[in-house]
Amino acid sequence: DTSNLVIMDESGNCVSLVQSVSAPFASGIVVPGTGILLNNRMRGFYTKEGSINCVAPGRRPKHTLVPVLVTRYGQTMMAIGTPGAAGQPLTLAQVLARILACGQDTATAIHAPRWSVGLSGQIIVERAAPASIINALSAQETGLETMSERHVRFGSVKAVVKEDDALRAAADYRRVAAATAR
(Lines give C-alpha, C1' and ligand atoms only; values in the text may rest on other atoms or scores of the structure.)
Protein backbone atom coordinates (compact mmCIF):
# COMPACT_ATOMS: atom_id res chain seq x y z
CA ASP A 1 0.00 0.00 0.00
CA THR A 2 2.92 2.38 0.65
CA SER A 3 6.38 2.57 -0.84
CA ASN A 4 9.30 4.94 -0.58
CA LEU A 5 12.48 5.73 -2.40
CA VAL A 6 15.42 7.96 -1.61
CA ILE A 7 17.93 9.36 -4.08
CA MET A 8 20.95 11.64 -3.72
CA ASP A 9 23.66 12.72 -6.14
CA GLU A 10 27.24 13.69 -5.37
CA SER A 11 26.23 17.37 -5.13
CA GLY A 12 23.70 16.65 -2.39
CA ASN A 13 20.62 17.05 -4.60
CA CYS A 14 18.14 14.59 -3.18
CA VAL A 15 14.61 13.28 -2.97
CA SER A 16 12.81 11.37 -0.26
CA LEU A 17 9.49 10.19 -1.68
CA VAL A 18 6.72 8.30 0.09
CA GLN A 19 3.81 7.17 -2.08
CA SER A 20 0.75 5.64 -0.49
CA VAL A 21 -2.62 4.37 -1.64
CA SER A 22 -3.42 3.76 2.03
CA ALA A 23 -5.89 0.90 1.75
CA PRO A 24 -6.97 -1.20 -1.23
CA PHE A 25 -9.99 0.95 -2.19
CA ALA A 26 -9.63 1.96 -5.87
CA SER A 27 -5.95 1.04 -5.91
CA GLY A 28 -6.46 -0.97 -9.10
CA ILE A 29 -8.09 1.88 -11.02
CA VAL A 30 -6.11 4.17 -13.31
CA VAL A 31 -7.81 7.16 -14.94
CA PRO A 32 -7.69 6.35 -18.68
CA GLY A 33 -5.10 8.32 -20.61
CA THR A 34 -3.56 9.93 -17.51
CA GLY A 35 -1.55 7.34 -15.61
CA ILE A 36 -3.15 8.64 -12.40
CA LEU A 37 -3.74 5.85 -9.90
CA LEU A 38 -6.82 6.42 -7.75
CA ASN A 39 -6.53 5.81 -4.02
CA ASN A 40 -8.12 6.69 -0.71
CA ARG A 41 -5.12 8.33 0.95
CA MET A 42 -7.38 11.25 1.87
CA ARG A 43 -9.40 9.03 4.19
CA GLY A 44 -7.69 10.62 7.19
CA PHE A 45 -8.88 14.10 6.24
CA TYR A 46 -12.25 15.51 7.25
CA THR A 47 -14.70 18.27 6.34
CA LYS A 48 -15.89 18.78 9.93
CA GLU A 49 -14.91 22.30 10.97
CA GLY A 50 -12.72 22.30 14.04
CA SER A 51 -11.07 18.95 13.31
CA ILE A 52 -7.28 19.13 13.16
CA ASN A 53 -7.58 17.26 9.87
CA CYS A 54 -10.28 19.46 8.35
CA VAL A 55 -9.45 20.11 4.69
CA ALA A 56 -9.00 23.85 4.11
CA PRO A 57 -6.57 26.22 2.39
CA GLY A 58 -3.32 26.75 4.27
CA ARG A 59 -3.88 23.85 6.67
CA ARG A 60 -1.21 21.30 7.45
CA PRO A 61 -3.15 18.37 8.89
CA LYS A 62 -1.46 15.65 10.92
CA HIS A 63 -0.34 12.77 8.77
CA THR A 64 1.85 9.68 8.87
CA LEU A 65 3.73 10.13 5.57
CA VAL A 66 7.18 11.32 6.59
CA PRO A 67 9.72 11.76 3.80
CA VAL A 68 12.82 13.27 5.47
CA LEU A 69 15.81 15.31 4.31
CA VAL A 70 18.50 16.00 6.91
CA THR A 71 20.85 18.96 6.57
CA ARG A 72 24.01 19.85 8.45
CA TYR A 73 25.69 23.24 8.16
CA GLY A 74 23.35 24.11 5.29
CA GLN A 75 24.26 21.03 3.25
CA THR A 76 22.06 17.99 2.68
CA MET A 77 23.58 14.98 4.42
CA MET A 78 20.76 12.42 4.28
CA ALA A 79 17.57 11.42 2.50
CA ILE A 80 15.56 8.84 4.43
CA GLY A 81 12.04 7.43 4.45
CA THR A 82 9.87 4.44 5.25
CA PRO A 83 6.45 2.97 4.67
CA GLY A 84 4.75 1.60 7.77
CA ALA A 85 1.26 2.96 8.36
CA ALA A 86 0.97 4.97 11.58
CA GLY A 87 4.37 3.60 12.64
CA GLN A 88 6.27 5.77 10.14
CA PRO A 89 7.02 8.69 12.50
CA LEU A 90 8.09 6.33 15.32
CA THR A 91 10.29 4.25 13.01
CA LEU A 92 12.08 7.29 11.60
CA ALA A 93 12.46 8.92 15.02
CA GLN A 94 14.17 5.78 16.34
CA VAL A 95 16.48 5.39 13.34
CA LEU A 96 17.36 9.10 13.20
CA ALA A 97 18.04 9.19 16.96
CA ARG A 98 20.43 6.25 16.60
CA ILE A 99 22.26 7.97 13.73
CA LEU A 100 22.24 11.62 14.79
CA ALA A 101 22.27 11.41 18.59
CA CYS A 102 24.01 8.09 19.21
CA GLY A 103 26.47 8.12 16.30
CA GLN A 104 25.53 4.72 14.86
CA ASP A 105 26.24 4.10 11.22
CA THR A 106 23.15 4.14 9.03
CA ALA A 107 22.92 0.40 8.32
CA THR A 108 23.30 -0.50 12.02
CA ALA A 109 20.63 2.03 12.99
CA ILE A 110 18.23 0.74 10.32
CA HIS A 111 18.68 -2.90 11.31
CA ALA A 112 18.33 -2.35 15.07
CA PRO A 113 15.18 -3.71 16.78
CA ARG A 114 12.23 -1.31 17.00
CA TRP A 115 9.09 -0.64 18.97
CA SER A 116 5.84 0.91 17.82
CA VAL A 117 2.19 1.28 18.76
CA GLY A 118 -0.42 -1.27 17.66
CA LEU A 119 -3.93 -0.64 16.39
CA SER A 120 -5.48 -0.59 19.85
CA GLY A 121 -2.76 1.64 21.32
CA GLN A 122 -0.66 -1.10 22.91
CA ILE A 123 3.13 -0.98 22.72
CA ILE A 124 4.55 -3.52 20.28
CA VAL A 125 8.20 -4.60 20.18
CA GLU A 126 10.04 -6.69 17.64
CA ARG A 127 10.76 -10.23 18.79
CA ALA A 128 14.39 -9.60 17.76
CA ALA A 129 14.80 -7.07 20.60
CA PRO A 130 17.08 -8.26 23.41
CA ALA A 131 15.22 -10.24 26.09
CA SER A 132 16.40 -7.76 28.74
CA ILE A 133 14.58 -4.93 26.95
CA ILE A 134 11.42 -6.98 26.39
CA ASN A 135 11.41 -8.10 30.04
CA ALA A 136 11.97 -4.57 31.36
CA LEU A 137 9.20 -3.18 29.15
CA SER A 138 6.85 -6.03 30.11
CA ALA A 139 7.31 -5.13 33.78
CA GLN A 140 6.19 -1.55 33.02
CA GLU A 141 3.68 -2.06 30.20
CA THR A 142 0.93 -4.60 30.85
CA GLY A 143 -0.34 -4.67 27.24
CA LEU A 144 3.08 -5.12 25.64
CA GLU A 145 3.12 -7.45 22.64
CA THR A 146 6.06 -8.86 20.73
CA MET A 147 5.64 -9.06 16.97
CA SER A 148 7.53 -10.22 13.92
CA GLU A 149 9.95 -7.62 12.61
CA ARG A 150 7.97 -7.81 9.36
CA HIS A 151 4.89 -6.25 11.03
CA VAL A 152 3.77 -3.24 8.98
CA ARG A 153 4.24 -0.78 11.88
CA PHE A 154 8.00 -1.42 12.01
CA GLY A 155 8.48 0.01 8.52
CA SER A 156 11.18 -0.61 5.94
CA VAL A 157 13.69 2.22 6.01
CA LYS A 158 15.80 3.28 3.05
CA ALA A 159 18.48 5.94 3.40
CA VAL A 160 21.29 7.54 1.47
CA VAL A 161 23.90 9.53 3.37
CA LYS A 162 26.64 11.86 2.20
CA GLU A 163 29.68 11.55 4.48
CA ASP A 164 33.19 12.79 3.71
CA ASP A 165 32.21 13.43 0.06
CA ALA A 166 31.12 9.79 -0.35
CA LEU A 167 27.59 8.45 -0.71
CA ARG A 168 26.49 5.50 1.39
CA ALA A 169 23.14 3.76 1.04
CA ALA A 170 21.32 1.32 3.30
CA ALA A 171 18.03 -0.54 3.04
CA ASP A 172 15.95 -2.42 5.57
CA TYR A 173 15.78 -6.22 5.64
CA ARG A 174 12.20 -6.09 6.97
CA ARG A 175 10.70 -5.99 3.45
CA VAL A 176 11.93 -6.30 -0.10
CA ALA A 177 14.30 -3.35 -0.45
CA ALA A 178 17.61 -2.47 -2.06
CA ALA A 179 20.29 0.18 -1.71
CA THR A 180 23.23 1.17 -3.86
CA ALA A 181 25.76 3.99 -3.90
CA ARG A 182 28.61 4.83 -6.24
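User: Which residue of β2 does Leu5 stand opposite?

Analyst: The general idea comes before the case: strands of a sheet pair through backbone hydrogen bonds, either parallel or antiparallel. In this predicted model, Leu5 stands opposite Leu17 in β2. The two strands, β1 (residues 2-8) and β2, are joined by seven bridges in the antiparallel sense.

User: How many residues lie between the strands in the hairpin of β1 and β2?

Analyst: Five residues lie between them. Within this hairpin, Gly12 has a positive phi near 90°.

User: Which side chains of β2 point to one face, and which to the other?

Analyst: In a regular strand the side chains alternate between the two faces of the sheet. Strand β2 covers residues 14-20, and its side chains follow that alternation. Cys14, Ser16, Val18 and Ser20 point to one face and are buried. Val15, Leu17 and Gln19 point to the other face and are not buried. The cut-off for buried is under 20% relative accessible area. Leu17, the residue opposite Leu5, belongs to the set that is not buried.

User: What is the strand order in the open sheet of three strands, and what is the pairing?

Analyst: The order is β5-β6-β7, and the pairing is mixed. Strands β5 (115-117) and β7 (145-147) are at the edges with a single partner strand each, so one side of each has no neighbour in the sheet. Neighbouring strands here are turned by 35° against each other on average, with direction ignored.

User: How many bridges join β6 to β7, and do these strands run parallel or antiparallel?

Analyst: Strand β6 (residues 123-126) is joined to β7 by three bridges, and the two run parallel. As for individual positions, Glu126 is opposite Met147 in β7.

User: Where do these strands fit in the order of elements from the N terminus on?

Analyst: The chain has three helices and nine strands. From the N terminus on, the order is β-β-β-β-α-α-β-β-α-β-β-β.

User: What does the C-alpha trace span along its principal axes, and what share of the residues is buried?

Analyst: The trace spans about 50 × 50 × 30 Å. Of the 182 residues in the chain, 36% are buried. The accessible surface is about 10,800 Å², with 56% of it belonging to carbon and sulfur atoms.

User: What share of the contacts joins residues at least 24 apart?

Analyst: Among contacts between residues at least 6 apart in sequence, the share is 43%.

User: How far apart are the mean positions of the positive and negative charges?

Analyst: For the 18 positive and 13 negative charges of the chain, the mean positions are 7 Å apart.

Methods: Residues are numbered from 1 along each chain as its sequence is written. This is a predicted model: local features need pLDDT of at least 70, side-chain atom pairs count only at pLDDT 80 or more; totals for chains, interfaces and linings use all residues. Side-chain values use heavy atoms; hydrogens and water are left out. Two strands pair if DSSP finds at least two bridges between them. Helices (H or I, at least four residues) and strands (E, at least two) are DSSP runs, numbered from the N terminus. Axes are lines fitted to C-alpha atoms, for helices over the stretch in contact, and angles run from 0 to 180 degrees between N-to-C directions. Buried means under 20% relative accessible area, exposed over 50%, partly exposed in between (1.4 Å probe, protein chains only). Contact means heavy atoms within 4.5 Å. Accessible areas come from the Shrake-Rupley method with a 1.4 Å probe; for residues, only the protein chains shown count as cover. Lys and Arg count as positive and Asp and Glu as negative; His and the chain ends are not counted. The place of a charge is taken as NZ of Lys, CZ of Arg, CG of Asp or CD of Glu.
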